[in-house]
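Open your viewer and get the selection tool ready. We will go from one stop to the next, with a note on what to pick and what you will find there.

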Amino acid sequence: MAHQAHSYHMVDPSPWPIFGAAAALLTTSGLIMWFHYNSSMLLTLGLISMLLVMLQWWRDIVRESTFQGHHTPTVQKGLRYGMILFITSEAFFFLGFFWAFFHSSLAPTPELGGQWPPTGIKPLNPMEVPLLNTAILLASGVTVTWAHHSITEGNRKHAIHALTLTILLGFYFTALQAMEYHEAPFSIADSVYGSTFFVATGFHGLHVIIGSSFLTVCLFRLIKFHFTSDHHFGFEAAAWYWHFVDVIWLFLYMTIYWWGS
Amino acid sequence: MQGLKPIVSTESPALIFGTTTKLASDLPATDSFLGKNKVPDLQKIFQKADGLPVHLKRGVPDRLLYRTTMALTIGGTIYCLVALYMASQPRNQKSV
């Protein structure tokens with residue numbers, strides 16, 4: 001049997017990329033059918049198949065790395081570049097929504113009453129729940145770093161405790177934001193204020209949920225002994241993503257919540 | 001060779017709780033915090049030279065999930081193409 005004479009990973013043939021593309025087709029056309037024809041069957045199919053593809057694709061990556069040993073240092077380097085490029089692209093995604101916010105708020109039109117916040121909008125007090133949420137995410141940044149140090153020092157119990165705490169803080173943030181959304185005196189339909197507020201904070205909230213899910217998967221893998229003290233890139237990627245989510249919140253807080261109120 | 005891992009791990013990866021060459025069965029009770037290390041057993045399963053691709057390596061549960069995903073995506077794609085064809089028809093008949 002021939003062995004490879006290089007340190008890269010030539011993956012087994014896999015159906016997930018094409019099934020993922022099909023899932024994206026179903027989800028997008030599902031949105032159209034839902035918006036215009038009041039039918040959510042296609043959208044449901046799309047979201048379920050998207051979930052199935054993600055679960056199996058990432059499951060296979062865990063198998064290839066932890067169980068089959070394909071993630072050499074060379075492969076890991078590529079994964080690091082990949083994650084950094086992905087997070088950079090997400091930063092640009094949010095940049096667009098910040099641009100929209102500043103476009104509308106730096107020169108408020110007469111239709112808004114020539115002021116920001118627009119006439120009639122009662123913004124949320126940045127010193128109340130939003131400040132608490134800032135403290136929660138900052139604390140979760142500390143706990144995820146504690147978890148990382150515990151992993152590199154081989155301390156299993158502390159690592160599990162710290163990562164669990166990080167995830168709980170993430171859930172607490174999400175719960176508080178959900179409550180804020182429910183109680184807010186303005187809605188997404190309330191002029192460009194509502195649009196910029198809810199789209200920017202809404203996408204951020206989605207990323208908090210994604211980040212919390214990623215961390216939860218890492219917690220399961222941590223408990224199941226997948227990580228070693230010097231090879232735990234899955235956890236590092238989750239921690240990078242979590243810090244990114246925290247930084248986006250800090251920008252949101254300073255611009256939309258504080259300066260914008 | 002630089003960077004290559006052996007086909008079957010000759011050493012289990014440095015166990016996360018820092019012990020050196022202990023086997024799972026040798027662990028003192030305090031180290032079995034939340035379960036035993038089953039990674040070496042799983043490594044044996046997934047490194048069997050049976051020619052199966054990684055997404056089907058575990059046999060029946062993998063095949064079931066794969067076939068379900070395939071059914072949903074391929075069936076969904078056909079349904080999607082039909083729905084898009086109907087949606088692209090002129091609006092004098094409202095198709096359900």
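The tour starts with chain B, crosses to chain A, and ends at a histidine.

Before selecting anything, note that this is a predicted model, in which local features need pLDDT of at least 70 and side-chain atom pairs count only at pLDDT 80 or more, while totals for chains, interfaces and linings use all residues. Residues are numbered from 1 along each chain as its sequence is written, chains are lettered from A and ligands numbered from 1 in the order in which they are written, and side-chain values use heavy atoms, with hydrogens and water left out.

**Chain B**

Select chain B and colour it by secondary structure: you should see two helices and zero strands (DSSP runs, numbered from the N terminus; helices are H or I with at least four residues, strands E with at least two). Turn on its surface next. The accessible area is about 6800 Å² (Shrake-Rupley method, 1.4 Å probe; for residues, only the protein chains shown count as cover), and carbon and sulfur atoms hold 63% of that area. Of the 96 residues in this chain, 25% are buried (under 20% relative accessible area; exposed is over 50%, partly exposed in between; 1.4 Å probe, protein chains only).

Stay here and pick Lys57(B) and Asp50(B), whose side chains form a salt bridge (a side-chain nitrogen of Lys or Arg within 4 Å of a carboxyl oxygen of Asp or Glu) at 2.8 Å, N to O. Lys57(B) is buried at 10% relative accessibility, whereas Asp50(B) is partly exposed at 35%.

**Where the chains meet**

Now show both chains. In contact (heavy atoms within 4.5 Å) are 40 residues of chain B and 53 residues of chain A. The area buried between them (accessible area, 1.4 Å probe, that two parts lose on being put together, summed over both) is about 4000 Å², with 71% given by carbon and sulfur atoms.

How many salt bridges cross the interface of chain B and chain A? There are two. For one of them, select Asp62(B) and Arg63(A), with their closest N and O atoms 2.7 Å apart. Asp62(B) sits in helix α2 (residues 60-87) of chain B and Arg63(A) in helix α2 (residues 41-67) of chain A, so this pair joins two chains. Both ends are tucked away: Asp62(B) is buried at 3%, and Arg63(A) at 6%.

Keep Asp62(B) selected and add Arg59(A), which it meets in a salt bridge at 3.4 Å, N to O. Then add Asp60(A), bridged to Arg59(A) at 2.8 Å; Asp60(A) is buried, with 3% relative accessibility.

**Chain A**

Select Leu47(A), Met50(A), Leu51(A), Met54(A), Leu55(A), Trp57(A), Trp58(A) and Ile61(A). These form a nonpolar surface patch with about 760 Å² of accessible area together; patch members have over 30% relative accessible area and no salt bridge, with like charges joined within 9 Å and nonpolar side chains (Val, Leu, Ile, Met, Phe, Trp, Tyr) within 5 Å. One of them, Leu51(A), lies in helix α2 of chain A and is partly exposed at 49%.

Last, click His9(A), in the segment before α1 (16-37) of chain A. Is His9(A) buried or exposed? His9(A) counts as buried, at 19% relative accessibility. Leaving out residues up to four places away in sequence, His9(A) touches Glu64(A), His70(A), His71(A) and Val75(A).
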